[in-house]
2 protein chains.
Amino acid sequence: MSRRLPTLEDVAREAGVSRATVSRVINGIRNVDPVIQETVRQAIERTGYTPNSAARSLVTRRAETVALVVAGTGDETADTQGAQGAQDTQDSFAARVFADPFFGRVVSGVVGALRPRSMHPVLMFADSEAACEQIVAYLRQGSADGALVVSTHAEDKLPERLAAAGLPAVLFARPALAAPLSYVDLAHQDGARLAAEHLLARGCRRVATVSGPLDVPAGQERLAGFRDAMARHGHPYVPVAEGGFTQQSGAEAMVRLLAEHPVLDGVFAANDLMAQGACQVLRESGRRVPDDVAVVGFDDSSAARACRPPLTTVRQPVEEMAATMVRLLREHIEGERTGPTSVIFEPELVVRESA
Amino acid sequence: MSRRLPTLEDVAREAGVSRATVSRVINGIRNVDPVIQETVRQAIERTGYTPNSAARSLVTRRAETVALVVAGTGDETADTQGAQGAQDTQDSFAARVFADPFFGRVVSGVVGALRPRSMHPVLMFADSEAACEQIVAYLRQGSADGALVVSTHAEDKLPERLAAAGLPAVLFARPALAAPLSYVDLAHQDGARLAAEHLLARGCRRVATVSGPLDVPAGQERLAGFRDAMARHGHPYVPVAEGGFTQQSGAEAMVRLLAEHPVLDGVFAANDLMAQGACQVLRESGRRVPDDVAVVGFDDSSAARACRPPLTTVRQPVEEMAATMVRLLREHIEGERTGPTSVIFEPELVVRESA
DNA sequence: GTGAAAGCGCTAACAT
DNA sequence: ATGTTAGCGCTTTCAC
C-alpha cells in the first residue's frame, strides 16, 4: 500500500516530454502545442496524477487557503456540561457561536465565494490569548494566505496582532479596538432608523429597545441610530435594556423592560435571537405579538423565519458582505490593494408578522 | 516590504550551528546539548523565525490538516434569497446546515480535539457531484491528511468515493450506502426507547411520533426503537408523521398528526428542531406542553434549552463522538489502525419541562 | 514552443 | 551530540 504517488516526472516520462511542459499544461499556460497538450492530458489521465500541493506551495509561496476566524472570549457564560476538562471553554465557545444562525450565513457566504477559486476556509476560534498566538503563527507559517475575522467581543486583540504582523486580513465589522485593516460593515444606524420608522408608522407610541452589548460598535450604533430616529419623530426618551445578542439575554432584557414599563406597544431588538427571546417573554406575559406589542429584529437570520410569529427585521446582506471580504482579502494577498479599505452595506427592512 | 522571511539557514548561521541542529531543536528531538538548545532558541527569537509549513509538508508528507466535510444535497428546499446566481444552492446548503445547532456541537467537538495537536479543520460542503470531486481531489493533493464526514442525506456517494480512493476518513454515523470506513454512531434505538419509556411512565397513553427522514439510518432506527419499545409496553400502534429534521418540517408533521389524531397526549420527535416546531404547533392549537401533550426531543442541542418549554430530550454526546472521530482519523493517518472500526455511544435522557 | 537546471525550505539518513 | 548531504515535487528563469 506504500505505492508511491505519481509525480510530474512520471507524467512527463509517460508523455515523452519534460516536466516543464507538463507543468505548463496543468497550469494552463499558453505557448504549448495543442497536440502536446492532448498527449499530456492523456498521460495525466493514465497515471492518475494529482499535483502535490505542498511542493507547489513551496515555490509559489501560496497556500491557496484562508483562515476563517471567529474571535471572542471563552468565558462569557458557563452553560457547559461538556466532556474533556480544559476543552470545555473551547467547546462552549464554538457551540455558542454557531447557535446564532448569523454565523451560518457568514460561513455560507465565505464558502460560496471561495469555492470558484477551489479554496476552502480553515476554521479557527480565537477565544484565548493562546489561541490568538496560534492563529498568528499559523498564518506566519504560510499555512494560510490570510484571515477573515469575525469578532464577537470588544477587547479582541487579534486584529491589531494581525496588522502588526503584516498579515493579510479582512474583518467583518469595524473593530472596537481600531486596527489598520480592511473591513466590511453595515450602516447600522440606517438599519435602526428603518426599524424605528416602521414601528412608528404602524402606530406604536410606547417603544422600548433591547440593545446589543454596548461595548461593541454594532451594539452602540444600532442603539444610537434607533434613539436618534425616535427623537427626530418626537420620542426623545426610549427605555433600553442591554442584551448580549443571545436569545436568553434577549428574554432577560425583555423581563427587565416589562418590569419597568408594563405598557409597551413596540420593541426593537438589536438582533433576531434577542427578538425571539423577547417574543417568548411577551407571549408568556400574556401579550400578543404583534397585536399588543410589535417586535422588530435585526439581521434576518433563519431565526427570524423560525420565530413565531415570523419576525419583521432589518436585513443584513451577510452573504454579500462575506463575499466582499473574500474579494478584499484576495486583493490584499495578491498585492493589488495596499491600504486598509472599508465597504459599508445598506440594510433593508423585511416585513413579516411581528410588526 | 519584500524582505525575505528568515529560514532555517538564517537561524543556523545566527546560532553558529547547522540547519540539522536547529531543526532538531524545533522538532523537540533529544540528543541536543542543552547549551546549544538555548543558543538556538535565542537565535530563533532574534531572527523571528517561523518554520515554513509547505517545506515541512513536502518532506514529512503530512499537511497537519484535516477536512471537515458536511455532505448533503443542495436541492432540498428552495428558501434562498441569496446573492450570486450559481452560488445560491451552495449558500443555502451551508446556511441550512448550521441552522441546526447540532452541527455547532460537531464543530465544537472537532475543533476541541484538534487543537491540542495544533491542527484546524478545513470546512467543506459536499453538496453536489462537483463538490465531491473537489473534496477527493483536495485530499489526493495532500492538502489535508484525511476527512471527517457528516452526511445529511441518504444517497451520499462521498464515503464510497473516499474509500475507493484509499483516503483516510471517519464518518459521523453509519452511512446509508455502506462503505468500508470507520464511523462513530449512537445507539439510536436505545435513545428512542428511553423516550418511549419516559412518556409512558409519566402517564401518556395516546402517543405519536414525528420521525426523521426514513431513508437515513438515524431516522429509521429512532422510529424502529420507539415503535418497539411502545409495542413492548402494549402500544402496538403509533401514529407517525415523517419530518426532515428541520423545525419547519416538524411543525408540518405535527399539523398532520393533529389532523388525524386530535387527542394525543404525548409526542416523540426524532430531533430537537422538529420537537420545537411541534411545540409551536401544539401551543398554537391551544394545547399546553406538557400539561396537555408531553413532548420529547432528541439530540440535546441548544435548541432544546432555547425551546419553550425547555425540552426533555435524548442526549447525544456529540462532542465526545466528534473527539473520537478525530482520534480514529489520526490513527488511520498514522497507520496505527488499518481496518474500518465503529464506535457506538449510548444516549441518555435529559429531563426538562416539556415531558 | 520546449527542455535543462536551479532552487523553494525543510527533514532525515548517514557520517563523524 | 552535531554536521553533511540528498532529496521531497514543483515552478520558473533561461537557453535553445
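**Figure 1. Packing of helix H2 of chain A in the predicted model.** The buried residues of H2(A) pack against two other helices of chain A, namely helix H1 (8-15) and helix H3 (34-47). Helix H2 of chain A covers residues 19-26, and its buried residues are A:Thr21, A:Val22 and A:Val25. These residues lie on the same side of H2(A), because they cover an arc of only 100° around the axis. An α-helix has 3.6 residues a turn, so residues three or four places apart point the same way. Just after H2(A) comes A:Gly28, which takes a positive phi of about 60°.

**Figure 2. The surface near DNA strand D.** There are 25 residues around DNA strand D, and those that come nearest are A:Leu8, A:Ala20, A:Ala55, B:Ala20 and B:Asp33. Two or more residues each are given to this surface by H2 and helix H4 (53-60) of chain A, and by helix H2 (19-26) and helix H4 (53-60) of chain B. H4(A) gives the most, with five residues. Sorted by class, the surface near DNA strand D has 13 nonpolar, eight polar and four charged residues.

**Figure 3. Domains of chain A.** The domain assignment of chain A gives domain 1 (8-60), domain 2 (65-185 + 320-344) and domain 3 (188-315). Domain 2 is thus written as two stretches of the chain, 65-185 and 320-344. Taken over C-alpha atoms, the centres of domain 1 and domain 2 of chain A are separated by 36 Å.

**Figure 4. The contact between chain A and chain B.** Chain A brings 49 residues to the contact and chain B brings 50 residues. On the side of chain A that touches chain B, the elements that give two or more residues are H4, helix H5 (88-99), helix H6 (101-114), strand E2 (121-126), helix H7 (129-140), helix H13 (302-306) and helix H14 (318-334). H6(A) supplies the largest share of this side, nine residues. By class, the side of chain A that touches chain B has 21 nonpolar, 21 polar and seven charged residues.

**Figure 5. The largest nonpolar core.** This core has 118 residues. Those with the most contacts inside the core are A:Ala67, A:Val69 and A:Ala147, together with B:Ala67, B:Val69 and B:Ala147. Residues up to four places away in sequence are not counted in the contacts of B:Ala67, which touches B:Pro121, B:Val122, B:Met124, B:Ile135, B:Tyr138, B:Leu139, B:Ala144 and B:Ala147.

**Figure 6. Surroundings of A:Phe268.** A:Phe268 is placed in strand E8 (residues 266-269) of chain A. A:Phe268 counts as buried because it has 35 C-beta neighbours inside 10 Å, and the cut-off for a buried residue is 20 or more. Not counting residues up to four places away in sequence, A:Phe268 touches A:Ala195, A:Ala196, A:Leu199, A:Val207, A:Thr209, A:Phe226 and A:Val296. A:Phe268 and A:Thr209 are 59 residues apart along the chain, yet their C-alpha atoms are separated by 4.6 Å.

**Figure 7. Surroundings of B:Thr312.** B:Thr312 belongs to strand E10 (residues 312-315) of chain B. With 24 C-beta neighbours inside 10 Å, B:Thr312 counts as buried. Its contacts, leaving aside neighbours within four places in sequence, are B:His198, B:Val296, B:Val350, B:Val351, B:Arg352, B:Ser354 and B:Ala355. B:Ala355 is 43 residues from B:Thr312 in sequence but 5.7 Å away in space, C-alpha to C-alpha.

Note on methods
Residues are numbered from 1 along each chain as its sequence is written. Chains are lettered from A and ligands numbered from 1 in the order in which they are written. This is a predicted model: local features need pLDDT of at least 70, side-chain atom pairs count only at pLDDT 80 or more; totals for chains, interfaces and linings use all residues. A residue is buried if 20 or more other C-beta atoms lie within 10 Å of its own, exposed if 12 or fewer, and partly exposed in between; C-beta atoms are placed from the backbone. Helices (H or I, at least four residues) and strands (E, at least two) are DSSP runs, numbered from the N terminus. The arc is that of the directions from the helix axis to the C-beta atoms. Two residues are in contact if their C-beta atoms, placed from the backbone, lie within 7 Å. A nonpolar core is a set of buried Ala, Val, Leu, Ile, Met, Phe, Trp, Tyr and Cys residues joined through C-beta atoms within 7 Å. A residue is near a molecule or strand if its C-beta atom, placed from the backbone, lies within 6 Å of it. Ala, Val, Leu, Ile, Met, Phe, Trp, Tyr, Cys and Pro count as nonpolar, Asp, Glu, Lys and Arg as charged, and the others, Gly among them, as polar. Domain bounds come from an automatic or database domain assignment.
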